[in-house]
Amino acid sequence: MGIETRKMQHVDIALRQKIETTRKGGFEDIEFVHYSLPEINFSDVDLSASFLKRKFAAPLMIVSMTGGFAEAEKINKQLALAAEKENIPLGLGSQRVMLEKPGMKRTFMVRDVAPKVFLAGNIGAVQLQNYSKKQIESLVSSIEANALCIHLNPMQEAVQLEGDKNWKGALLQIGKVCDYLDVPVIAKETGAGINGEVAKQLEDAGVSAIDVSGVGGTSWSAIELYRKDAKAGAAFWNWGNTTAKCLMECSECVDVQLIASGGVRSGLDVAKSIRLGATMAGAGLPFIKAQNSGGVAGIRKEIQLWKEELQIAMFLTRSKTLADLRKAKLQDGCCGEDECCRWKSECCKGRDCGDADCKDGKCWKGGKSGNDCKC
Ligand SMILES: Cc1cc2nc3c(=O)[nH]c(=O)nc-3n(C[C@H](O)[C@H](O)[C@H](O)COP(=O)(O)O)c2cc1C
């Protein structure tokens with residue numbers, strides 16, 4: 001079976017089958033403290049976000065999904081048009097197919113309808129070893145991308161019958177791309193979640209941002225199970241680190257900007273993501289569904305609803321800006337980790353958190369050198 005057919009099946013299955021994890025993304029455990037006296041004007045709430053040196057209307061993004069089969073051209077153009085009109089970034093699906101079948105390049109071309117949209121190209125980490133510097137650079141230049149996403153999908157490749165299973169040296173390859181590419185590299189998972197340790201390795205390799213893409217939404221084990229009866233997919237349907245947990249861990253371990261995706265399903269989830277350390281929150285499945293049922297207008301309606309929900313969450317937490325939201329009070333104990341006060345209202349500065357890596361109120365986790373402990 002060709003790569004083109006596989007790409008088409010992924011979208012078809014995502015649209016028609018129930019392919020989300022039954023484990024939630026962890027957002028259900030996070031509750032903001034509600035303010036009955038917001039003391040701000042709703043219309044003064046400012047959703048604008050800065051990401052990779054660009055300003056966007058909201059901390060929201062349509063993440064990498066498709067390309068590489070005939071109908072994908074229309075899907076990508078409609079996603080791009082909606083993203084451009086709403087001034088949010090867009091990720092395209094894996095461009096590997098473009099390198100194998102140059103005729104498929106047109107399915108990734110969106111600049112005719114969206115000349116200004118912030119566009120991220122996409123390629124798999126495990127496939128980098130097969131391509132030259134010139135080929136990788138062409139992924140960015142040929143579609144006039146502003147960034148390149150490198151996806152980490154070892155679970156999907158392991159479950160997929162025809163998957164690439166040799167991941168030796170993938171980190172080294174990522175580092176090389178970061179060195180030579182003249183646009184930022186975003187490392188991303190595809191729904192199983194990046195933990196703090198891996199995030200640190202990626203930051204050291206030179207990536208400019210990380211999309212943790214954790215458990216809580218699209219399950220690639222489920223998609224592969226439906227697509228080719230990849231039986232191991234059943235056991236790994238819910239495998240991985242939840243999106244909320246990834247954010248808590250990664251924001252402690254790295255300084256690069258974080259994107260939250262994987263089960264982000266409303267503007268309230270976006271607000272929680274920002275509170276847990278993300279700069280942007282993104283989603284895939286909800287936007288491709290909106291495209292399928294309502295075209296450009298459908299996607300825009302979904303984005304506008306999420307913006308409204310985010311604005312309400314900010315209003316009710318006395319957050320005029322995203323910087324305020326990052327410090328908004330959470331209900332005590334709502335992250336489920338008693339020792340962890342970062343997510344509660346008080347600060348544990350100087351107090352021992354009980355973590356084996358920390359002592360004397362200083363955090364030594366993930367290579368950090370004795371910052372005040374916020375674990
Ligand atoms: C139909 C579909 C196709 C996808 N294709 C890609 C891809 O080519 N490259 C990639 O990095 N991620 C891909 N993803 C993963 C998403 O970027 C995202 O990490 C994941 O779906 C979690 O977000 P969600 O729960 O909002 O869907 C795809 C997701 C969907 C739903």
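**Strand pairing, core and ligand shell**

In strand 10 (residues 280-283), Met-280 and Gly-282 point one way, Ala-281 and Ala-283 point the other way, and all are buried. The model is a predicted one. In a regular strand, side chains alternate between the two faces of the sheet. Strand 10 has two partners. Strand 3 (residues 60-62) runs parallel to strand 10 and is joined to it by three bridges. Here Leu-60 stands opposite Ala-281. Strand 9 (residues 257-260) also runs parallel to strand 10, through two bridges. In this pairing Ala-260 is the residue opposite Ala-281. Ala-281 thus faces Leu-60 in one pairing and Ala-260 in the other. The link between strands 9 and 10 includes a helix. Strand 9, helix 10 (residues 267-275) and strand 10 form a β-α-β unit, and the unit is right-handed.

Strand 6 (147-152) was examined next. Six of its six residues are buried. Both faces of strand 6 are covered. Ala-147, Cys-149 and His-151 lie on one side. Leu-148, Ile-150 and Leu-152 lie on the other. Strand 6 pairs with strand 5 (residues 119-124) through five bridges, and the two run parallel. Ala-120 is found opposite Ala-147 of strand 6. From strand 5 the chain passes through helix 4 (residues 133-141) to strand 6, in a right-handed β-α-β crossover. Strand 7 (residues 185-189) is also parallel to strand 6, with five bridges between them. Within this pairing Cys-149 stands opposite Ile-186.

Nonpolar side chains tend to be buried together in soluble globular proteins. In this model, the largest nonpolar core has 106 residues. Leu-148, Ile-210 and Leu-247 have the most contacts inside it. Helix 11 is the element that gives the most to this core, with 10 residues. Leu-148 also belongs to strand 6, where it is buried on the side shared with Ile-150 and Leu-152. The contacts of Ile-210 can be listed. Leaving out residues up to four places away in sequence, Ile-210 touches Ala-187, Ile-194, Ala-199, Leu-202, Cys-250, Val-254, Val-256 and Leu-258.

Helix 8 (residues 220-228) is mostly covered, with seven of its nine residues buried. Those residues are Trp-220, Ser-221, Ala-222, Ile-223, Glu-224, Leu-225 and Arg-227. Glu-224 and Arg-227 are thus among the buried residues of helix 8. Helix 1 and helix 5 (154-159) are among the elements that cover them. Just after helix 8, Asp-229 adopts a positive phi of about 50°.

The ligand is surrounded by 26 residues. The closest are Gly-93, His-151, Gly-217, Thr-218 and Gly-284. His-151 is also one of the buried residues of strand 6, on the side that holds Ala-147 and Cys-149. By class, the shell has 16 polar, nine nonpolar and one charged residues. Helix 1 (3-16), strand 6 and helix 11 (285-316) each supply at least two shell residues. Helix 1 gives the most, with three. Several elements recur across these results. Helix 1 supplies residues to the shell and helps cover the buried residues of helix 8. Helix 11 supplies residues to the shell and gives the most to the largest nonpolar core. Strand 6 supplies residues to the shell and has both faces covered.

Key. Residues numbered from 1 in each chain as written. Predicted model: local features only at pLDDT ≥ 70, side-chain atom pairs only at ≥ 80, totals over all residues. Near = placed C-beta within 6 Å. Helix = DSSP H or I, 4+ residues; strand = E, 2+ residues; numbered from the N terminus. Nonpolar A, V, L, I, M, F, W, Y, C, P; charged D, E, K, R; others polar. Buried ≥ 20, exposed ≤ 12 C-beta atoms within 10 Å, placed from the backbone. Contact = placed C-beta atoms within 7 Å. Pairing = 2+ DSSP bridges. Right-handed = clockwise from strand over helix to strand, strands pointing away. Core = buried A, V, L, I, M, F, W, Y, C linked by C-beta atoms within 7 Å.
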